[in-house]
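Hi there,

Here is the structure I promised to send over. Have a look at it first, and then read on for my notes on its charged side chains.

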Amino acid sequence: MAVNLDKDAYYRRIKRLYSNWKKGEDEFGKVDAIVVSVGVDEEIVYAKSTAIQFISVLLVFQNESNKANFDKMIEAIRGSKEGKTVGVFSKDKFPGEYMKSWNDTLSAEGLEKVDISAVVAYTMAVKEDGELALMKKAAAITSEVYSKFFKERVMEIVDADEKVRHSKLAESVEKAIEEKKYLGGADPSTVEMCYPPIIQSGGNYSLKFSVVSDKNHMHFGAITCAMGIRYKSYCSNLVRTLMVDPSQEMQDNYNFLLQVEEELLKELKHGVKICDAYNAVMEYVKKEKPELAQKLTKNLGFAMGIEFREGSLVLNAKNQYRLKKGMVLSVSLGFSDLVNKDAKKEEQKKYALFLGDTIQINEEEAATVLTPVKKKIKNVGIFLKNDDEEDEEEEVDDAEELLGKGARSAALLADRTRNEMTAEEKRRAHQKELANHLNEEAKRRLTEQKGEQQIQKARKSNVSYKNVSQMPREKDIRDMKIFIDKKYETVVMPVFGIATPFHIATIKNISMSVEGDYTYLRINFYVPGSSLGRQEGNIFPNPEATFVKEITYRASNLKAPGDTSVPSTNLQNAFRIIKEVQKRYKTREAEEKEKEGIVKQDSLVINLNRSNPKLKDLYIRPNIAQKRMQGSLEAHTNGFRFTSVRGDKVDILYNNIKHAIFQPCDGEMIIVLHFHLKNAIMFGKRRHTDVQFYTEVGEITTDLGKHQHMHDRDDLYAEQMEREMRHKLKSAFKNFIEKVETLTKEELEFEVPFRDLGFQGAPYRSTCLLQPTSSSLVNVTEWPPFVVTLDEVELVHFERVQFHLKNFDVVIVYKDYNKKVTMINAVPVNSLDPIKEWLNSCDIKYTEGVQSLNWTKIMKTIVDDPEGFFEQGGWSFLDPESEGSGAEEDSESEMEDETFNPSADEEEEEEEDSDEDYSSETEDSDYSASLGSEEESGKDWDELEEEARKADRESHYEDEDTSNRKRKVRSSAPPSKKKRRH
């Protein structure tokens with residue numbers, strides 16, 4: 001890449017350099033002048049001269065009068081301070097006659113040269129905002145290439161068991177940066193590698209950036225990868241270790257390496273000496289795992305910018321420079337020469353772990369990681385399923401040798417069949433283990449809960465007046481009229497000439513009717529035995545007391561002489577006011593009920609930094625108001641804040657999120673961020689445990705009346721725009737998620753549903769696509785959303801599984817038996833096997849049956865007597881292959897025999913029918929049995945005909961016997977039963 005000179009950058013940096021030189025600190029105090037000379041050499045990528053972006057005067061005067069120009073320069077140097085020493089970059093050596101003559105002139109003048117590379121590097125190590133933006137972009141591109149290309153390619157190699165050389169894989173990474181899809185929209189001409197990617201495995205490791213990838217084949221053990229990408233001359237760096245089937249010791253060592261990096265990031269702050277940070281990390285390693293202290297890399301990183309590695313700012317025990325806010329470092333630490341005790345092959349015995357990121361130094365907080373590639377063990381570990389043992393493979397090889405090439409296909413087919421059978425047997429064996437574990441675990445859990453006494457919720461007792469003095473002294477009360485006290489929400493009614501107060505909560509309903517000259521007001525009250533509501537039950541503080549069920553008042557509609565108003569006016573006003581007070585009371589009660597059980601959340605800590613992760617133009621579900629409103633979602637220190645255009649605010653704390661789900665817009669009309677909460681939050685006067693933020697992608701509704709044509713330019717343009725919009729939104733959401741995960745140090749992780757494992761079902765009224773994630777089963781595109789946490793599931797039962805039905809139902813039973821089971825209806829039967837496979841991989845027990853069960857009664861039975869339930873076999877009654885189900889069927893058939901008592905005539909008719917059916921069945925069965933036996937023995941047709949005639953004669957005798965038996969049965973029938981018909 002050619003050197004581009006930036007005028008503005010030159011002026012900014014020359015000012016900074018000049019001010020530091022005038023102060024005379026460090027090496028600047030030893031030089032009288034600074035000389036920067038730049039030659040022309042395309043092979044020199046990193047040089048201090050180009051890094052500072054100086055416009056060198058010496059480049060301007062390349063002509064015949066060089067000597068005269070050199071004399072002027074020497075004269076200027078002599079006139080600066082004492083004029084004896086010049087500061088130069090001693091390592092920058094450009095070729096050519098011009099540079100040679102200039103260096104000779106300096107030497108001839110007897111000027112002392114002082115290397116100022118280190119102090120200039122320290123001066124320029126603090127990056128400007130524009131430089132930081134470029135370095136962040138470079139780090140983002142490195143992360144994209146690693147995640148989307150390198151890691152995926154390694155997974156393919158391991159999955160297909162390919163043999164690929166380290167050097168070839170490194171070359172493929174270099175070619176990948178030429179493709180725009182891996183560059184996050186950057187121009188490929190502005191992107192290049194800082195160094196050839198370094199890929200190592202198979203016991204040969206050198207944890208340095210000066211080595212190259214060798215030509216050995218990649219070994220499936222610990223695979224280290226280091227790659228750095230430059231964007232517009234600014235560098236970034238990333239190091240990761242992928243592990244295939246790592247042992248527990250390898251996993252522990254890797255987790256410890258992650259902890260060491262976290263400690264290092266905490267130490268790297270503004271004003272801290274580099275050596276102090278290094279020593280603090282070494283002390284931590286010696287304290288936690290002293291045996292690994294000698295195996296840690298000698299330095300822990302270096303400063304970066306236009307130059308990839310700044311030699312004067314290396315993180316080691318000797319460096320006295322202090323860190324400054326705005327510096328960008330490449331931290332890289334690892335353990336080498338580790339021994340794998342569980343290794344079976346020679347290449348696996350020695351391994352290394354290497355980890356590195358591009359980071360930015362902050363004022364007081366820990367350093368910010370600019371390469372947000374996930375690095376937990378679950379993200380870098382490749383765990384393969386256990387295949388059949390090697391001895392089986394050897395047996396197949398031996399068989400091939402014995403049988404020859406002609407029989408190989410048969411041997412392979414037999415091997416494949418055997419493998420499939422063993423896989424099915426493994427699934428059944430696994431389910432059997434799960435069934436045993438399920439019953440034991442459930443029994444233990446219920447035993448522990450037995451001691452916990454369930455607190456019964458008592459209905460709030462509403463007292464109108466605590467003493468007589470609070471009773472109102474109104475004229476209507478003295479006149480024996482109905483009076484409504486709005487302050488105490490009480491209706492004062494005359495009962496037998498006494499003003500009696502009734503709280504509004506005791507009134508069930510009221511009705512008013514006009515009949516002739518009278519108006520009737522009927523008031524019904526809540527009493528024991530009447531329903532209070534769906535959830536409240538019949539709970540009264542004193543159910544043994546005497547209750548008033550209803551009161552009816554009558555008043556005349558005729559105005560008597562001398563009266564100021566019609567008597568019935570009081571009843572009409574009372575009816576209206578009671579309705580108003582009742583409505584207000586019920587609304588307040590509903591709000592209080594919504595607030596019940598709401599756990600008080602911590603306050604949101606607002607981060608005033610403008611660079612907070614933020615998404616704009618989102619809708620929230622459920623709506624804050626009646627109409628949906630757009631707003632922005634912003635991530636702060638300990639939670640999210642959604643701010644609508646109207647100013648409404650909804651706060652969601654990170655520690656209250658049970659599941660954070662990102663639903664991409666692939667195959668959907670909306671793109672969604674969904675939060676399933678641990679504890680409900682209140683907004684819009686209701687409590688919510690599911691909150692989601694979404695935006696629409698394209699048109700959800702299409703105008704069918706509009707003429708459409710496949711070659712219509714407008715339609716093609718609209719489709720193209722929609723594709724671009726989808727890609728843009730997906731990138732924006734992914735970028736937001738990565739920033740949030742980095743901000744929370746991966747404590748909050750977003751789950752993406754596995755669309756390939758999804759199946760259709762109707763958890764509510766409509767059918768939708770249910771998709772598993774790593775820890776749940778969800779549908780977040782339809783409303784209401786469906787989220788089931790897999791850790792809370794006890795077992796899954798499939799109902800109505802029959803050959804002639806196209807659909808079946810899924811019942812999800814939770815570990816909390818008091819929780820209502822979840823039903824998913826109308827699941828296509830072709831999804832049964834994939835669902836079973838998925839549940840088995842998640843260690844969830846499943847059963848199936850042909851009937852629909854009454855789960856309300858089943859769960860009530862279990863909760864009432866858990867010990868008895870598990871003594872009778874527990875959940876084994878659902879499994880058709882278990883012993884418990886057979887016993888249950890026998891008992892059911894016995895009950896049916898006992899309860900069914902037909903009349904005598906019905907008995908006779910049934911006996912006749914059954915005898916006839918039975919005889920025909922026996923004939924058929926005998927004939928088929930004889931036919932089968934004769935065919936097997938190879939008899940000829942004559943013998944078969946003879947046996948058939950014998951069989952006919954025998955059956956004729958049997959018919960006569962059965963008819964005689966029938967006559968005897970009819971004659972012996974008791975006469976009393978026949979009379980019962982008349």
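**Charged side chains and their partners**

Lys376 counts as partly exposed, at 31% relative accessibility. Please keep in mind as you read that this is a predicted model.

Which residue does Lys376 pair with in a salt bridge? The partner is Glu749, and the closest N and O atoms of the two are 3.6 Å apart. Lys376 sits in the loop between strand E13 (368-369) and helix H11 (377-380), while Glu749 sits in the loop between helix H16 (713-743) and strand E28 (750-751), so this salt bridge ties together parts that are 373 residues apart in sequence.

Another pair to look up is Asp666 with Lys730, whose side chains meet in a salt bridge at 2.8 Å, N to O. Asp666 belongs to the loop between strand E25 (657-663) and strand E26 (670-683) and Lys730 to helix H16, so here the parts tied together are 64 residues apart in sequence. Asp666 has a relative accessible area of 39%, which means that it is partly exposed. Lys730 is also partly exposed, with a relative accessible area of 22%.

For a pair within one helix, turn to H9 (residues 248-267), where Lys266 and Glu263 both lie. They are three residues apart, about one turn of the helix. Their side chains form a salt bridge in which the closest N and O atoms are 3.8 Å apart. Are these two residues buried, exposed or partly exposed? Lys266 is partly exposed because its relative accessible area is 42%, and Glu263 is partly exposed with a relative accessible area of 22%.

Some of these contacts join up into something bigger than a pair: Arg240, Glu261, Asp357 and Lys375 are linked in a network of salt bridges. Over the whole model, the count comes to 30 salt bridges.

Lastly, a word on charges at the surface. Which residues gather there in a patch of positive charge? They are Arg165, Lys168, Lys175 and Lys215. One of them, Lys168, lies in helix H8 (residues 166-176). Lys168 has 52% relative accessibility, so it counts as exposed, the cut-off being over 50%.

If you want a place to begin in the viewer, try Lys376 and Glu749, then Asp666 and Lys730, and then the patch around Lys168.

Best wishes

How values were computed. Residues are numbered from 1 along each chain as its sequence is written. This is a predicted model: local features need pLDDT of at least 70, side-chain atom pairs count only at pLDDT 80 or more; totals for chains, interfaces and linings use all residues. Side-chain values use heavy atoms; hydrogens and water are left out. Patches are made of residues with over 30% relative accessible area and no salt bridge: like charges are joined within 9 Å, nonpolar side chains (Val, Leu, Ile, Met, Phe, Trp, Tyr) within 5 Å. Accessible areas come from the Shrake-Rupley method with a 1.4 Å probe; for residues, only the protein chains shown count as cover. A salt bridge is a side-chain nitrogen of Lys or Arg within 4 Å of a carboxyl oxygen of Asp or Glu. Lys and Arg count as positive and Asp and Glu as negative; His and the chain ends are not counted. The place of a charge is taken as NZ of Lys, CZ of Arg, CG of Asp or CD of Glu. Helices (H or I, at least four residues) and strands (E, at least two) are DSSP runs, numbered from the N terminus. Buried means under 20% relative accessible area, exposed over 50%, partly exposed in between (1.4 Å probe, protein chains only).
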